[in-house]
Amino acid sequence: MTLTRRRIARTSLPDAARSLLPRTPAEDKLRVASSREVSRTASGTVSLLNCSVITVGIASLKIFFSTTIFSVEQPTEKKTDWLMSSDEMWDSPAESLREQSTMNQALNMINEEREPIHTPASIQPHGLLCVLSELDFGITQVSLNARDILGIAPENLINRPLEDFIERDRIVEIRACLDPTSEQTNPLNLWVTVDDGSARFFNGIVHHAISGEVVLELEPIAATAKRDFTQSYRNIKDTLAKIQVTKDLSELCNLIVKEVRQITGFDRVMVYRFNEDGDGTVIAEDKQADLEAFLGLYYPDSDIPQRAKHLYMLNWLRLLPDVNYQPSGLLTGMQATEPVALLDMSHCVLRSMSPCHIKYLQNMGVGASMCISLLQQQRLWGMITCHHNTPKFVPYEIRTICEFLGQLMSTELSVKEATQNLDYKLRLKATQVQFVNRLTNATDFLQALEDSPDDLLYLTGARGAAVCEGDAYGDKLRIAMIGNTPGKEDLIDLLAWLPDHFNNDLFVTDSLPSLYPAAKAYKNVASGLLAMAISRTQHRYVLWFRPEFLQTVTWAGNPDNPKHIEADGSLTFSPRQSFAAWQETVRLKSLDWLQCEIEVAIELRSLIVDVILAQSDEMARVNLELERSNIELDSFAYIASHDLKEPLRGIHNYSNFLMEDYAQVLPEDGIAKLQTVVRLTKRMDDLISSLMHYSQLGRSELSQEVVNLNVLVQQTIETLKISQPQKAIEFRLPQPLPTIRCDRSQISELFTNLLGNAIKYNDKAEKWVEIGFVESKKVGNKDQISHTLYIRDNSIGIAPQHLERIFEIFKRLHPQDQYGGGTGAGLTIVRKIVERHQGKIWVESTLGEGSTFYFTLLEAVKP
């Protein structure tokens with residue numbers, strides 16, 4: 001069957017792309033084949049073709065194809081009935097213009113859907129591929145080049161048992177190779193007896209395809225060929241000894257390219273390493289003197305698609321002896337009523353290469369190639385790539401040595417990378433130990449980190465750092481900025497964005513602006529970011545910054561230009577034509593964070609968390625001890641106060657009795673002394689009563705109920721007016737107060753004390769007190785509501801140095817006989833009440849003008 005390159009199989013397009021193509025009158029006559037399988041008609045075969053280069057013109061669609069799958073059944077219809085020429089697609093240029101936009105959408109989908117390179121349905125023609133039935137090893141599929149390899153027509157091999165051509169003891173060896181517990185390994189030394197009685201000799205490779213079939217691949221060898229195991233051993237032994245004495249990764253790579261080139265004879269051998277973005281760099285090279293150097297060149301990720309990289313992970317070695325080969329398709333012998341599933345050739349040595357890859361190598365002027373995979377931690381680290389200017393076949397034995405060297409180098413990668421920058425790593429470790437030791441004895445997390453700015457920057461090689469504690473937009477946010485960092489407002493916005501982007505409490509990028517566009521504004525200080533979360537609940541973060549580092553990268557050709565505009569205006573999607581050095585200035589990126597720097601950050605976080613947990617355990621123990629002590633003190637204060645009141649009451653009463661009964665016989669100074677005793681016992685009694693009341697606040701349970709603060713405050717105001725009718729004062733309520741769940745008795749006492757103080761300590765002619773409400777908001781995990789209220793007055797005010805002292809028990813700022821006296825326990829009791837309601841209280845005051853007491857009260861949200 002011959003296919004012209006001007007014909008297109010509409011049914012070979014992906015379903016999504018095919019749906020965008022214009023319908024044709026002939027479409028109803030087509031038997032549709034998806035991109036994953038080939039369907040037969042009852043009378044013939046439908047072929048699935050593989051795309052290599054796509055060309056889009058104004059009035060035509062051209063797609064070049066590779067090979068097909070054929071059937072041995074004789075068709076009754078023309079095999080080309082399901083094909084149509086590009087000229088049949090549209091009736092006129094005007095119609096083609098109308099459909100141009102739709103075609104472009106279809107081609108975009110084709111480009112996005114990766115070519116199924118693991119099911120090419122063809123092989124390289126330097127060997128033969130057979131698919132065998134599991135039970136009797138009958139040949140169910142065979143490559144079309146059977147006549148060239150065996151001298152037997154492929155149709156004469158279909159459905160014949162392998163025993164017709166290979167001796168039975170060799171069949172036993174083939175079956176043993178399929179048993180994973182067997183010691184029999186590839187390649188097998190096989191000879192095939194053809195119909196004329198002659199024998200042909202092969203290296204046989206047998207395996208199970210991923211799709212389940214038994215696959216036998218045959219590579220011809222000379223009848224006199226012998227395996228020189230001694231020479232192979234020497235090659236491996238000498239190279240192994242050299243590898244073991246290499247000091248670092250660079251030396252290892254330079255050695256391996258020399259050794260592989262010496263063993264194989266390729267014109268050029270390179271080590272090609274992938275970065276995190278998938279782009280590759282040539283980091284070592286050994287070549288013929290007259291060849292252009294590729295060392296140091298970058299190759300874009302698009303040069304090796306992800307599906308190809310996956311196949312490189314499955315196969316340690318891949319050989320292409322002749323770039324200009326003509327692929328050989330497969331012949332199948334299945335019944336016409338059954339679908340022909342494409343053979344998964346992921347593990348096949350002879351698997352045909354992607355036409356796009358072939359074109360790529362041809363554009364480079366390569367005649368043959370071989371790739372050896374380098375794996376590290378189950379990912380494709382890089383490849384050893386071999387190029388030859390002319391066709392070159394590498395025998396299986398030599399390939400085995402190269403494959404072993406690739407595996408050996410893969411095991412060495414971790415060791416060599418670990419020894420890179422060893423001195424720097426040791427200095428980082430020493431700095432980390434000192435840093436954590438200082439942190440162990442610290443009581444303030446943020447202050448401890450801030451106190452060692454140089455060490456904090458050195459730990460990751462950063463130019464700036466920020467240590468943060470508290471919610472990004474909360475009133476408790478603390479940020480310590482060290483070195484060159486973004487501004488505080490920029491940091492607050494970054495902290496709000498960052499938590500959703502952590503991965504295991506770590507965030508690393510060398511191009512923050514590409515992920516967080518707002519960072520472009522401060523690229524000069526923070527193009528790179530390494531951040532760790534110490535505690536997400538407490539919003540504790542450490543951020544390290546690196547500035548933009550302008551870097552010139554030399555690509556092997558323009559990495560962004562895989563398409564070409566032809567002279568007639570058509571657009572060709574194909575591998576790059578030019579590999580001339582093409583330089584690009586990389587912006588908005590910092591120097592890469594080294595793996596050792598990232599590991600130090602991870603270890604530092606773990607150590608800090610351990611320190612914090614240890615401190616938390618100690619704090620919990622201390623708090624438990626304090627709680628026990630406080631309970632005992634409260635009990636002691638209550639008992640002592642209660643027991644002291646009785647003798648004190650006796651002294652007070654007997655003093656009064658003496659003055660009443662013996663006033664006429666006592667001198668004046670005696671009466672004065674008894675009056676002093678009465679006054680002091682009265683004051684002592686008031687102090688003891690206040691102490692008893694304060695201790696009871698800590699001992700009694702809160703009696704929670706729903707309280708309308710508007711009503712409660714009005715009741716308090718009325719009580720104060722009755723108790724102090726001589727004092728004219730204006731009470732202001734600028735807005736309604738909330739209704740909350742609280743202890744009514746305690747909150748009533750709170751307002752009584754605060755309003756009473758506002759009246760007592762006011763020397764103005766026109767006195768006023770304002771009771772106001774600021775806000776109610778959900779806090780914590782949104783399961784609590786915090787209510788913020790205030791009491792403002794135009795009293796005498798409080799000096800700044802006394803703003804905290806006024807809440808201490810029995811602390812008075814004025815003499816006993818000034819401003820109506822008092823015990824000095826009122827504000828202490830107010831603070832205790834606020835704390836019992838899980839709130840806080842603070843004061844803002846201007847001496848001589850007035851004070852404002854703010855306080856918060858917390859209540860649980862009902863589920």
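Start by selecting P734: beyond its neighbours within four places in sequence, P734 is in contact with E770, I771 and Y790, where contact means heavy atoms within 4.5 Å. Before going further, note that this is a predicted model, in which local features need pLDDT of at least 70, side-chain atom pairs count only at pLDDT 80 or more, and totals for chains, interfaces and linings use all residues. Residues are numbered from 1 along each chain as its sequence is written, and side-chain values use heavy atoms, with hydrogens and water left out.

Stay on P734 and show the backbone. P734 sits in the loop that links β31 (729-732) to β32 (739-743); strands are DSSP E runs of at least two residues, helices are H or I runs of at least four, and both are numbered from the N terminus. Now add F773, 39 residues away along the chain: its C-alpha atom and that of P734 are 8.5 Å apart. Switch on a surface, and P734 comes out as partly exposed at 49% relative accessibility (buried is under 20% relative accessible area, exposed over 50%, partly exposed in between, using a 1.4 Å probe and protein chains only).

Next stop: N315. This one lies in the loop between α7 (306-314) and β16 (317-320). N315 has a relative accessible area of 13%, so it counts as buried. Leave out residues up to four places away in sequence, and N315 touches S346, H347, R351 and S373.

Last, pick two cysteines. C130 is buried at 4% relative accessible area, and C348 is buried too, at 3%. How many disulfides does the structure hold? Zero, taking a disulfide as a pair of cysteine sulfur atoms within 2.5 Å.
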